[in-house]
Amino acid sequence: MIAHLLKPELDELIQKKEWVTIKEVLDDVPAVDVAELLDDLAPEVAVVIFRLLKKSKAADVFTYLSSTKGVELLETFSRQQLSDVMNNLEPDERVALMEELPGDLTQRVLNSMDSENIAQVRRLLGYPPESVGRLMTTNYVRIKKDWSVNRSFEHIRKHGRNAETVNVIYVVDEDETLIDDLRLNQLILAEPDAKISDIMDNTFEALSAFDDQEEAVRMLSKYDRVALPVVDSGGILVGIVTVDDVLDVAEEETTEDMQLMAGMSALDTHYSQTGVTDMVKKRLGWLILLFLGQMFTVTAMASYEDTLAAATVLALFIPMIISSGGNSGSQAATLIIRALSTDDIKFEEWTTVLKRELLSGLLLGSLLGILGTIVITTWMIVRGEPLTLSVGLQALTVGTSLVGVVLFGNLSGSILPFIMTRMGLDPAVTSAPFISTLVDVTGIIIYFTVAVLLLRGVVL
């Protein structure tokens with residue numbers, strides 16, 4: 001909102017080349033809004049504006065820029081400007097940036113950093129992609145259990161300015177093994193001469209540096225913390241993850257799941273930054289797969305060609321029946337995928353889920369079946385057909401088929417995510433189009449099987 005309001009004024013100042021005034025205006029604008037303003041400017045103008053910012057604020061602004069704009073600015077920076085930006089970024093922000101840089105720019109950026117930061121970046125990049133190790137920051141405050149509260153506060157005042165957060169202070173032993181974490185208010189309320197060991201309870205929750213980033217999202221949400229410590233395989237404290245970092249991860253994971261559930265591969269960047277060619281590549285494979293899958297539907301219908309020829313009216317209700325099953329399956333898949341991703345249900349509970357969805361599928365199918373029978377009967381009478389046994393059986397065929405198709409859709413939509421999880425795949429791959437294609441084929445078989453059983457000797 002602030003960026004939207006400031007843009008006309010900024011454009012006017014840029015035209016007049018009033019750089020001093022621009023510098024004064026931007027000093028009072030939050031970093032995130034400055035980044036939004038820069039994203040809308042041409043690279044040659046954006047870099048001039050960026051140079052007007054104070055060093056500390058410039059680093060904050062840079063973290064909010066889109067990856068495309070960030071790379072554009074880096075390519076135009078002098079060595080000193082690169083150094084100012086990179087050395088003022090948080091360690092996790094440097095790693096995130098290095099992952100996105102083109103190869104020719106990576107070495108130039110590394111050369112601009114001091115040796116300590118280079119070693120830090122390389123160490124963090126040594127962790128697996130998408131792991132907590134890539135997400136954590138090494139800027140935190142740690143104290144020893146034999147220190148007094150007074151000495152701890154002296155240490156916090158000395159080193160806290162560069163820390164990501166001082167809301168939580170970490171207690172380590174002589175080997176840097178994490179043994180506790182203390183909220184700042186615990187220290188504030190303690191007696192100045194008290195030992196840290198006196199206020200410890202030796203309980204804490206920690207992440208492994210090798211955990212998936214989604215685990216950080218889950219843990220911070222579960223324990224309602226602003227930060228969590230990260231340890232290596234030996235329990236050594238190696239970093240922390242803060243809530244602002246995992247919010248970005250949560251957004252990325254949700255976006256990826258939504259794209260997978262839509263029946264396409266997840267985009268590597270934001271939609272606005274993805275070219276048409278890349279977009280087609282991400283979508284074409286799934287479309288071809290689903291298209292070929294629909295050939296099974298054609299094959300299923302072809303096998304009932306004689307039945308269709310004898311009762312052509314049955315063809316009219318095919319879209320209604322198979323779409324009801326597809327909709328039911330998509331609903332079930334969405335509910336289960338989300339429940340699995342939020343740990344609302346565990347993989348081991350699949351039998352419980354199966355029982356629940358069997359019951360709900362029967363209820364939903366029965367209600368839709370009754371409604372379908374009534375609606376089809378009424379529709380055929382309105383068309384001018386007399387209420388005969390033939391009409392009643394055709395309506396009952398539709399109603400009975402709806403029970404079976406909706407039940408199958410419900411069961412397949414709820415169980416396939418568990419199967420995908422068991423195979424080590426993202427359950428979101430069990431997308432709505434995939435479920436719909438599966439139910440289409442099965443729905444045709446169920447529908448015509450019911451038709452043959454109920455209409456033989458009457459219509460067929």
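**Exercise 1. Decide whether Glu72 is buried, partly exposed or exposed, and describe its salt bridge.**

Step 1. Start with the accessible area. In this predicted model, Glu72 has a relative accessible area of 26%. Buried means under 20% and exposed means over 50%, with partly exposed in between, so Glu72 is partly exposed.

Step 2. Now look for the partner. Glu72 forms a salt bridge with Lys69, and their closest N and O atoms are 3.4 Å apart. Lys69 counts as buried because its relative accessibility is 6%.

Step 3. Finally, place the pair on the chain. Glu72 and Lys69 both belong to helix H6 (residues 67-76). They are three residues apart in this helix, so about one helical turn separates them.

**Exercise 2. Find out which parts of the chain are linked by the salt bridge of Asp181 and Arg225.**

Step 1. Begin with the general idea: side chains of opposite charge can pair when their charged atoms come close.

Step 2. Check the contact itself. The side chains of Asp181 and Arg225 meet in a salt bridge, at 3.1 Å from N to O.

Step 3. Locate both ends. Asp181 lies in strand E3, while Arg225 sits in the loop between H15 and E5. The two are 44 residues apart, and the pair links distant parts of the chain.

Step 4. Judge the surroundings with the cut-off of under 20% for buried. Asp181 has 7% relative accessibility, so Asp181 counts as buried. Arg225 is buried too, with a relative accessible area of 13%.

**Exercise 3. Say how many salt bridges the whole structure has, and describe the one between Glu385 and Arg383.**

Step 1. A search of the whole structure finds five salt bridges.

Step 2. One of them joins Glu385 and Arg383, whose closest N and O atoms are 3.6 Å apart.

Step 3. Compare each value with the cut-offs. Glu385, at a relative accessible area of 27%, is partly exposed. Arg383 is also partly exposed, at 47%.

**Exercise 4. Explain what stands out about the phi angles of Glu176 and Asp224, and say where the two residues are.**

Step 1. Recall what to expect: most residues other than glycine have a negative phi.

Step 2. Read the angles. Glu176 has a phi near 70 degrees, a positive value. For Asp224, phi is near 50 degrees, again positive.

Step 3. Find each residue. Glu176 is in the loop between strand E2 (168-172) and strand E3 (178-183). Asp224 is in the loop between helix H15 (213-223) and strand E5 (227-231).

Step 4. Add the exposure. Glu176 is partly exposed, with a relative accessible area of 23%, whereas Asp224 is exposed, at 64%.

**Exercise 5. Work out how helices H8 and H10 are arranged: roughly parallel or roughly perpendicular?**

Step 1. Take the geometry. Helix H8 (residues 91-100) packs with helix H10 (residues 115-125) at an angle of about 70 degrees, and their axes are 10 Å apart.

Step 2. Apply the range. Angles of 65 to 115 degrees count as roughly perpendicular, so H8 is roughly perpendicular to H10.

Step 3. Add the handedness: the crossing of H8 and H10 is right-handed.

**Exercise 6. Identify the residues of the nonpolar surface patch, and place Phe291.**

Step 1. The patch covers about 760 Å². Val276, Val280, Leu284, Ile288, Phe291, Leu292, Met295 and Val298 make it.

Step 2. Pick out Phe291, which is in helix H17 (residues 276-302).

Step 3. Check its exposure. Phe291 has a relative accessible area of 55%, so Phe291 is exposed.

How values were computed: Residues are numbered from 1 along each chain as its sequence is written. This is a predicted model: local features need pLDDT of at least 70, side-chain atom pairs count only at pLDDT 80 or more; totals for chains, interfaces and linings use all residues. Side-chain values use heavy atoms; hydrogens and water are left out. Patches are made of residues with over 30% relative accessible area and no salt bridge: like charges are joined within 9 Å, nonpolar side chains (Val, Leu, Ile, Met, Phe, Trp, Tyr) within 5 Å. Accessible areas come from the Shrake-Rupley method with a 1.4 Å probe; for residues, only the protein chains shown count as cover. A salt bridge is a side-chain nitrogen of Lys or Arg within 4 Å of a carboxyl oxygen of Asp or Glu. Helices (H or I, at least four residues) and strands (E, at least two) are DSSP runs, numbered from the N terminus. Buried means under 20% relative accessible area, exposed over 50%, partly exposed in between (1.4 Å probe, protein chains only). Axes are lines fitted to C-alpha atoms, for helices over the stretch in contact, and angles run from 0 to 180 degrees between N-to-C directions. Angles under 35 degrees count as roughly parallel, over 145 as roughly antiparallel, 65 to 115 as roughly perpendicular and the rest as oblique. A crossing is left-handed if the near helix is turned anticlockwise from the far one by less than a right angle, and right-handed if clockwise.
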